[in-house]
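The following exercises are meant to be worked through with the sequence and the structure in view. Each task is followed by a solution in steps.

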Amino acid sequence: MIRFLAYIGALFFFFFICQQHTSAQVRLSGMVADQETKTGLPFVSIVNKRTMTGTLSSESGRYYIEALPGDTLEFSMLSYAQRQIVTPGMSTTQDVYLQRRLFELQGVNVKGINHTKDSLAMRQEYGRYFNYKKPGAMDVLKTLPANPITALTYLVPSKTRKRKEQFREQLVYWEKEKYIDYRYSPELVAKMTKLQSPELDSFMHKYRPGYQFLNDASEYDLLLFIKQSFEDYQKAKANKQ
């Protein structure tokens, strides 16, 4: 009975701490952009160094994150130097500019995008999120005897845990999108259809294949898909005339 009351007391204490923690949070939003071109950068990782949770910038480079005043936010992206900012004392809008890294290339031939290499690099950099697993009933039972406070946190909905889960989902989603872009490339589609931008862009957007299809499809399957899609596109275009 005494141990049970101790668990209940710990639970109320945890709720109190969480309430105090969330009440002081501020909102930081803005644009993450290339320092030279001032164009928005998509899929930039924004991580709170204190909580080790974060988010990604949108396709246009917009970002939004909540943090406590004084928290350090780290902005990072492959091929760019990391940038850190300190969360101000009140909600505000702040644009962040990243400097592109310069590499010396000595006799190196530039080749197409290596999706596998980029994917492995991203999974290594964000391993803590890709490997994150939501605590289950067995985790609670194993942790409860030795550390009841930690076990109780598994049972209580946590903003921190929810952010980690959402961040992991975003990383997996954009990894799949990058894979689609890698195989369903403008160069390949233009070669098959002879289309040029902006018509090429419209066609690719309309007939963009799904991740599961491309993951299972051979090169022949993909070429056949583009060929059949282009035939449908030409028929639809002719009917409008």
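Two residues are in contact when heavy atoms of theirs lie within 4.5 Å. The model is a predicted one.

**Exercise 1. Serine 29 and its surroundings**

Task: Locate serine 29, classify its exposure, and state which residues it contacts beyond its neighbours within four places in sequence.

Solution:
- Step 1. Serine 29 belongs to strand E1, which covers residues 26-34.
- Step 2. The relative accessibility of serine 29 is 21%. Buried requires under 20% and exposed over 50%, so serine 29 counts as partly exposed.
- Step 3. With neighbours within four places in sequence set aside, the contacts of serine 29 are Tyr63, Tyr64, Thr92, Thr93 and Gln94.
- Step 4. Tyrosine 63 lies 34 residues from serine 29 in sequence, yet their C-alpha atoms are 5.5 Å apart.
- Step 5. For the whole protein chain, among contacts between residues at least 6 apart in sequence, 61% join residues at least 24 apart.

**Exercise 2. Helices H7 and H8**

Task: Determine how helix H7 and helix H8 are oriented to each other, and which residues meet.

Solution:
- Step 1. Helix H7 comprises residues 186-193 and helix H8 residues 199-206; their axes come within 11 Å and cross at roughly 105 degrees.
- Step 2. Angles of 65 to 115 degrees count as roughly perpendicular, and H7 and H8 are therefore roughly perpendicular to each other.
- Step 3. From H7, Pro186, Val189, Ala190 and Thr193 meet Leu200, Phe203 and Met204 of H8.
- Step 4. Sorted by class, this contact of H7 with H8 comprises 6 nonpolar residues, 1 polar residue and no charged residues.
- Step 5. The loop between H7 and H8 contains proline 198. The peptide bond joining serine 197 and proline 198 is cis, with omega about 10 degrees.

**Exercise 3. The two sides of H8**

Task: Which residues of H8 are buried, and which exposed residues does the face turned away from them carry?

Solution:
- Step 1. Leu200, Phe203 and Met204 are the buried residues in H8.
- Step 2. Viewed down the axis of H8, these buried residues fall within an arc of 95 degrees, so they line one face of the helix.
- Step 3. The cover over the buried residues of H8 includes H7 and H10.
- Step 4. On the face turned away from the buried side, H8 carries the exposed residues His205 and Lys206.

**Exercise 4. The span and sides of H10**

Task: Check the span of helix H10 against the expected value, then describe its buried and exposed residues.

Solution:
- Step 1. Helix H10 has 22 residues, 219-240, and at 1.5 Å a residue it should span 32 Å.
- Step 2. The end C-alpha atoms of H10 are 32 Å apart, which agrees with the expected span.
- Step 3. Leu222, Ile226, Ser229, Phe230 and Tyr233 of H10 are buried.
- Step 4. These buried residues cover an arc of only 105 degrees around the axis, which puts them on the same side of H10.
- Step 5. Tyr220, Lys235 and Asn239 are exposed on the other side of H10.

**Exercise 5. Positive phi values**

Task: Describe the backbone and the place of lysine 38 and of methionine 52.

Solution:
- Step 1. Lysine 38 is not a glycine, yet its phi is positive, near 65 degrees.
- Step 2. Lysine 38 is found in the loop between E1 and strand E2 (45-48).
- Step 3. Methionine 52, also not a glycine, has a positive phi of about 55 degrees.
- Step 4. Methionine 52 sits in the loop between E2 and strand E3 (53-56). At 23% relative accessibility, methionine 52 counts as partly exposed.

Definitions and conventions:
Residues numbered from 1 in each chain as written. Predicted model: local features only at pLDDT ≥ 70, side-chain atom pairs only at ≥ 80, totals over all residues. Heavy atoms only, no water. Helix = DSSP H or I, 4+ residues; strand = E, 2+ residues; numbered from the N terminus. Expected span 1.5 Å × (residues − 1). Buried < 20%, exposed > 50% of the residue type's maximum accessible area, 1.4 Å probe, protein only. Arc of directions from axis to C-beta. Axes fitted to C-alpha atoms, helices over the stretch in contact; angles between N-to-C directions. Parallel < 35°, antiparallel > 145°, perpendicular 65-115°, else oblique. Nonpolar A, V, L, I, M, F, W, Y, C, P; charged D, E, K, R; others polar.
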